[in-house]
Amino acid sequence: MNYTSNSCEETKQIAERFAKSLKKGDVICMYGDLGAGKTAFVQGLAKGLGIDELVTSPTFTIVNEYSGIMPLYHFDVYRIADCDEMYEVGYEEYVYGEGVSVIEWPQLIADILPENRYDITISKDYGKGESYRNIEIKEVGK
């Protein structure tokens with residue numbers, strides 16, 4: 001599925017609609033440059049999952065947990081040294097748990113990503129405007 005967004009708000013709305021299709025145990029891997037809109041997308045997912053809390057990037061904490069219709073576990077592994085460090089934060093308990101897990105910068109832990117997941121790539125095209133984003137959602141292994 002491909003979507004285009006011309007604002008942060010549109011990105012959140014696309015994610016909110018996508019969230020309605022998610023179920024316990026789903027894993028979402030978010031790809032995109034810094035500033036592409038990954039966190040905005042996660043904010044929309046959270047809203048779609050009935051989460052009212054402020055959703056921020058867990059850059060320094062590695063994972064943020066939110067409660068809603070089902071739990072949302074938001075990982076930012078940009079500063080992870082290796083896959084072993086992910087196990088230390090309880091990666092498997094989250095990813096194979098009762099909620100939806102979102103992983104930003106998943107390419108850094110490619111060896112331990114679940115076979116079944118959603119890969120979402122957000123890319124910019126400044127030729128189409130400063131706020132333009134292409135959002136590609138792929139089901140992997142399903």
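Which side chain of opposite charge is nearest to Asp-76, and how far away is it? In this predicted model, the nearest such side chain is that of Arg-79, at 6.0 Å, and Asp-76 is buried yet has no salt bridge. Since a salt bridge requires a side-chain nitrogen of Lys or Arg within 4 Å of a carboxyl oxygen of Asp or Glu, a separation of 6.0 Å does not qualify. The surroundings of this residue are described below, after the sheet to which its strand belongs.

The sheet is open and consists of 7 strands, which follow one another in the order S1-S7-S6-S2-S5-S4-S3 with mixed pairing. Strand S1, covering residues 2–5, and strand S3, covering residues 63–66, are the edge strands, and each of them pairs on one side only. From one strand to the next, the twist averages 20°. The partner of S3 is strand S4 (residues 72–76), and the two run in the antiparallel sense, joined over 4 bridges; within this pairing, Val-63 has Phe-75 of S4 as its bridge partner.

Two helices are placed against this sheet. Helix H2, made of residues 38–48, packs on the sheet and touches S2, S4, S5 (100–104), S6 and S7, and its direction makes about 170° with that of S5. Helix H1, made of residues 8–19, lies across S1, S2 (27–31), S6 (117–124) and S7 (133–140), and runs at about 150° to S1.

Asp-76 itself lies in strand S4. Although a salt bridge is absent here, the side chain of Asp-76 takes part in a polar contact of 3.0 Å with the side chain of Ser-57, and it also reaches the backbone nitrogen of Tyr-78 at 3.0 Å. When residues up to four places away in sequence are not counted, Asp-76 touches Ser-57, Pro-58, Thr-59, Ile-62, Glu-104 and Trp-105.

Charged side chains elsewhere in the model do form pairs. Side chains of opposite charge can pair when their charged atoms come close. Across the whole structure, 5 salt bridges are found. One of them joins Glu-16 and Lys-47, whose closest N and O atoms are 3.9 Å apart. Because Glu-16 lies in helix H1 and Lys-47 in helix H2, this pair ties together parts that are 31 residues apart in sequence. Lys-47 has a relative accessible area of 53%, and therefore counts as exposed.

A further salt bridge is formed between the side chains of Asp-26 and Lys-23, at 3.3 Å from N to O. The two partners are classed by their accessibility: Asp-26 counts as buried because its relative accessibility is 4%, whereas Lys-23, with a relative accessible area of 48%, is partly exposed. Lys-23 is found in the loop between H1 and S2. Leaving aside neighbours within four places in sequence, Lys-23 is in contact with Met-70, Gly-99, Val-100 and Lys-142. With respect to Val-100, Lys-23 is 77 residues away in sequence, while the C-alpha atoms of the two residues are 7.0 Å apart in space.

Arg-117 and Asp-119 also form a salt bridge, in which the closest N and O atoms are 2.9 Å apart. Both residues, Arg-117 and Asp-119, are buried. Asp-76 is likewise buried, but has no salt bridge.

Key. Residues numbered from 1 in each chain as written. Predicted model: local features only at pLDDT ≥ 70, side-chain atom pairs only at ≥ 80, totals over all residues. Heavy atoms only, no water. Pairing = 2+ DSSP bridges. Axes fitted to C-alpha atoms, helices over the stretch in contact; angles between N-to-C directions. Contact = heavy atoms within 4.5 Å. Buried < 20%, exposed > 50% of the residue type's maximum accessible area, 1.4 Å probe, protein only. Lys, Arg positive; Asp, Glu negative; His and termini not counted. Polar contact = N/O pair within 3.5 Å; in protein donor to acceptor, adjacent residues only side chain to side chain.
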